[in-house]
Amino acid sequence: MSASKIKVLMIDSWVEKNGNYYALHLCKALKEAGIDISLIVIEDYVHNGINDYPLLPLGPSRTKSVSKFKKIFKYSNYLLNIYKLIRREKYDVIHFQYFRRLRMESLYFLMLKLMGIKLAHTVHDVTPLNNSKLDHYFSLLVYKKADILFVHSNSNKTDLAQQIKLNDEKIKVVPHGDFDTFIPDRIPAKSEARKFFGLSDEQNVILFFGAIKEYKGLDILSRSFSLASLKINNLALIIAGEAGDAETRQIVLKCKDILSKLPNKVKVVFHEKYIPDSEVAKYFIASDVVVLPYRGISHSGVLHVAYSFGRPVIVTDVGDFKESVEEGISGFVLSSNSPENLSEKIVQAFSDKLKLEKMGTYARNLSETKYSWKNSALLMKPIYENMIKNM
């Protein structure tokens with residue numbers, strides 16, 4: 001069977017009005033690579049011009065105004081309509097990204113497998129941070145029954161293979177794509193972006209970006225920043241992200257207390273809110289380096305946003321960061337996530353601003369090559385081909 005005839009249905013329950021761009025961009029690149037691709041989205045998804053392939057609005061709306069009873073009915077109908085679609089269109093491969101209701105959809109996944117359908121699944125979080133034991137069981141069901149599991153890095157592959165005790169031949173590495181979608185048509189100069197935050201060209205600017213959660217280590221960064229400010233002139237910190245639950249807000253209050261004790265000359269900008277897509281660019285353009293002091297994670301999209309904007313990173317040695325960050329070339333990897341160690345790396349990063357800029361240029365090159373959607377699609381295409389060879 002020629003690659004041009006491979007017919008793939010992508011299912012991603014998180015593609016919505018302001019939702020996940022991963023599947024949208026991957027499907028676009030897969031089409032350009034010669035795959036006959038279709039993507040299921042929610043019923044009220046607003047076309048944003050990214051795609052030039054079929055979008056199938058079968059998923060129930062996520063709007064809170066819909067009653068619980070109606071949501072249950074729509075969800076049941078959604079699963080039925082997918083089944084009918086698969087039978088009618090005779091797809092070669094069904095590729096699941098995120099699950100909307102893991103427990104229900106893992107059983108649905110099993111049913112499709114029993115029907116002889118070729119199934120792929122992308123494991124975005126190899127070590128889910130908030131999974132219950134029961135959810136872990138249902139995840140294992142998907143992992144065992146999938147024909148192919150995609151992960152974003154070799155370290156993720158090793159971790160997953162050890163967890164599920166399967167032959168790692170069914171686990172395939174396809175790097176996460178870029179976040180160039182956040183780059184505006186008119187890219188502001190760094191000085192222009194900094195004016196929005198009240199920062200000057202002379203300042204050395206660190207960025208912490210993304211939803212604030214305990215595992216992301218904002219408290220570690222706050223203490224590190226306090227130490228680094230004693231050794232670096234014109235140091236500034238931008239914190240941008242929304243705090244969710246009460247526990248996270250307590251972390252925010254603790255960090256604000258630490259940072260409030262710094263001298264007035266040390267600039268801290270704290271935007272405790274969700275940052276809309278249209279505003280993402282100025283945060284990264286205004287920064288010199290992006291810091292991810294995480295206590296644990298398997299993979300992070302924030303790193304790829306930083307690379308898209310040509311910003312080097314400072315990361316802890318968790319998940320696949322050591323694989324994604326080339327030490328001293330695209331960023332720095334901490335040997336430990338202590339405040340003292342992070343402070344030393346911050347001082348090292350700003351000791352040579354010219355080198356830091358070159359690291360950013362290299363990070364951008366990685367985004368355009370290894371982490372491009374084109375590269376992801378070209379790696380995924382022969383995997384699809386091998387899945388259906390013996391059909």
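Where does asparagine 234 lie? Asparagine 234 sits in the loop between α7 (218-228) and β9, and it makes a handy entry point into this predicted model. Its phi is near 55°, a positive value in a residue other than glycine. Most residues other than glycine have a negative phi, so that backbone angle deserves a look. Asparagine 234 is partly exposed, because its relative accessible area of 43% falls between the cut-offs of 20% and 50%.

Step from that loop into strand β9 (235-240) and the surroundings change. Six of the six residues of β9 are buried, so the strand is largely enclosed by the rest of the structure. If you follow the side chains, Leu235, Leu237 and Ile239 point one way, while Ala236, Ile238 and Ala240 point the other way. On the pairing side, β9 runs parallel to β8, and six bridges join the two strands. To find one of these bridges in your viewer, look for phenylalanine 209, whose partner in β9 is alanine 240.

Now let's zoom out to the sheet that holds these strands. It is an open sheet of six strands, paired in parallel, in the order β10-β9-β8-β11-β12-β13. The edges are formed by β10 (267-271) and β13, each of which pairs on one side only. On average, and ignoring direction, neighbouring strands here are turned by 20° against each other.

Moving along the order, we come to β11 (residues 289-292), which pairs with β12 in the parallel sense over three bridges. Here valine 290 stands opposite valine 313 of β12. The next pairing takes us from β12 (residues 313-316) to β13: the two strands run parallel and are joined by four bridges. Isoleucine 314 has phenylalanine 332 of β13 as its bridge partner.

What covers β13, an edge strand? Both faces of β13 (residues 331-334) are covered, with Gly331 and Val333 buried on one side and Phe332 and Leu334 buried on the other. One helix to look at here is α12 (residues 339-350), which packs on the sheet and touches β8, β9, β11, β12 and β13. The direction of α12 makes about 160° with that of β13.

Another helix that meets these strands is α9, which lies across β8 (204-209), β9, β10 and β11 and runs at about 140° to β8. Helix α9 (residues 277-286) also packs with helix α6 (residues 190-197), at an angle of about 105° and with the axes 8 Å apart. That angle makes α6 roughly perpendicular to α9. From α6, the contact is made by Lys190, Ala193, Arg194, Phe196 and Phe197, and from α9 by Lys282, Tyr283, Ile285 and Ala286. Sorted by class, this contact has six nonpolar, three charged and no polar residues.

Let's turn next to helix α5 (residues 154-164), where Ser155, Asn156, Leu160, Ala161 and Ile164 are buried. These residues pack against α4, β6 (148-151), β7 (171-173) and α11 (321-324). Just after α5, lysine 165 takes a positive phi of about 50°.

Lysine 90 is another residue to check on a backbone plot: it has a positive phi of about 55° although it is not a glycine. You will find lysine 90 in the loop between α2 (68-89) and β4 (93-96). Lysine 90 counts as exposed, because its relative accessible area of 63% is over the 50% cut-off.

Our last stop is histidine 124, in the loop between β5 (119-122) and α4 (133-145). Is histidine 124 buried or exposed? Histidine 124 is buried, because its relative accessible area is 7%, under the 20% cut-off. Its side chain makes a polar contact of 2.8 Å with the side chain of glutamine 97. A further polar contact, of 3.1 Å, links the side chains of histidine 124 and histidine 152. Leaving aside neighbours within four places in sequence, the residues in contact with histidine 124 are Tyr22, Gln97, Tyr98, His152, Ser298 and His299.

How values were computed: Residues numbered from 1 in each chain as written. Predicted model: local features only at pLDDT ≥ 70, side-chain atom pairs only at ≥ 80, totals over all residues. Heavy atoms only, no water. Axes fitted to C-alpha atoms, helices over the stretch in contact; angles between N-to-C directions. Parallel < 35°, antiparallel > 145°, perpendicular 65-115°, else oblique. Contact = heavy atoms within 4.5 Å. Nonpolar A, V, L, I, M, F, W, Y, C, P; charged D, E, K, R; others polar. Buried < 20%, exposed > 50% of the residue type's maximum accessible area, 1.4 Å probe, protein only. Pairing = 2+ DSSP bridges. Polar contact = N/O pair within 3.5 Å; in protein donor to acceptor, adjacent residues only side chain to side chain.
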